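User: Let's go through the labels used here and test each one. Set the value against the cut-off, then conclude.

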Amino acid sequence: MSYWVFDVDGCLVDSLTGTSLRPGTRELLIHLRNQQHTVIWWSAGGKDYGRGRATQLDVHDLVDGFYGKEHRDHQGRYQTDHFLDPGREAVFVDDRPEDMPVGAMVISVAPYIVHNPHDRGLRHAAECAGLPVAGSESDRA
């Protein structure tokens with residue numbers, strides 16, 4: 001199976017208060033776990049920050065690892081060699097796709113700024129993961 005690497009702030013957790021889990025996150029993480037994918041939370045705030053947010057929002061048991069966005073390459077893109085095994089497939093879900101490694105499989109999401117129970121920003125990621133999603137393609141936000 002593959003790695004699913006999620007950014008924390010602005011992607012899964014609101015970036016204003018850091019207290020709101022984006023709608024659909026829990027369901028997506030459960031689905032990925034059931035499909036035996038490795039789920040990683042990856043944050044510019046560091047691994048302890050990501051772990052703290054996951055614990056605070058009660059999804060830490062659905063995450064296999066926490067890592068920091070620690071180093072950038074000569075193009076300014078984040079490096080992943082401190083947690084990704086070479087040759088293993090990885091899907092990145094991030095609101096800043098331009099910062100992801102060159103050639104990476106990236107699912108871009110709109111930034112999740114404040115609590116919004118109507119947000120559908122993870123809809124495309126859920127579809128890519130094979131999670132049945134109600135509604136049509138045009139419902140994406």
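User: Why is Phe 83 called buried?

Analyst: Phe 83 has a relative accessible area of 7%. Buried means under 20%, exposed over 50%, partly exposed in between (1.4 Å probe, protein chains only). Phe 83 is therefore buried. The model is predicted, so local features need pLDDT of at least 70 and side-chain atom pairs pLDDT 80 or more, while totals for chains, interfaces and linings use all residues. Residues are numbered from 1 along each chain as its sequence is written, and side-chain values use heavy atoms, without hydrogens or water.

User: What makes Trp 4 and Phe 6 a stacked pair?

Analyst: The whole structure holds 6 aromatic pairs. For Trp 4 and Phe 6, the centres are 6.2 Å apart and the planes differ by 25°. Rings of Phe, Tyr and Trp (its six-membered ring) pair if their centres lie within 6.5 Å; planes under 30 degrees apart are stacked, over 60 edge-to-face, the rest tilted. Both tests are passed, so Trp 4 and Phe 6 count as stacked. Trp 4 is buried at 4% relative accessibility, and Phe 6 is buried at 0%.

User: How do you know that Tyr 67 and Phe 83 are stacked?

Analyst: Their centres lie 4.8 Å apart, with 20° between the planes. Tyr 67 belongs to strand S3 (residues 65–68), and Phe 83 to the loop between S3 and strand S4 (90–94). The two are 16 residues apart, and the pair links distant parts of the chain. Helices (H or I, at least four residues) and strands (E, at least two) are DSSP runs, numbered from the N terminus. Tyr 67 is partly exposed at 26% relative accessible area. Ring pairs also join Trp 42, Tyr 67, Tyr 78, Phe 83 and Phe 92 in a cluster.

User: What makes Lys 69 count as sitting over the ring of Trp 42?

Analyst: Its charged end is 5.1 Å from the ring centre. The rule asks for NZ of Lys or CZ of Arg within 6 Å of the centre and within 35 degrees of the ring normal. Arg 72 likewise lies over the face of Tyr 78, at 4.0 Å from the ring centre.

User: Why is the contact of Asp 7 and Lys 69 called a salt bridge?

Analyst: The N to O distance is 3.0 Å. A side-chain nitrogen of Lys or Arg within 4 Å of a carboxyl oxygen of Asp or Glu qualifies, so the label holds. Asp 7 is in strand S1, Lys 69 in the loop between S3 and S4, 62 residues apart. Both Asp 7 and Lys 69 are buried.

User: How do you know that Arg 51 and Asp 48 meet in a salt bridge?

Analyst: Their N to O distance is 3.1 Å. Both lie in helix H2 (residues 47–56), 3 residues apart, about one turn of the helix. Arg 51 is partly exposed at 35%; Asp 48 is exposed at 55%.

User: And what about Asp 99 and Arg 96?

Analyst: That salt bridge is 3.7 Å, N to O. Asp 99 is buried at 11%, while Arg 96 is partly exposed at 42%. Arg 72, Arg 96, Glu 98 and Asp 99 are linked in a network of salt bridges.

User: How does the radius of gyration of the protein compare with that of a compact globule?

Analyst: With 141 residues, a compact globule would have a radius near 14 Å, and the protein has 14 Å, so the two agree. The radius is taken over C-alpha atoms; the rule is 2.2 Å times the number of residues to the power 0.38. The C-alpha trace spans about 40 × 30 × 30 Å along its principal axes.
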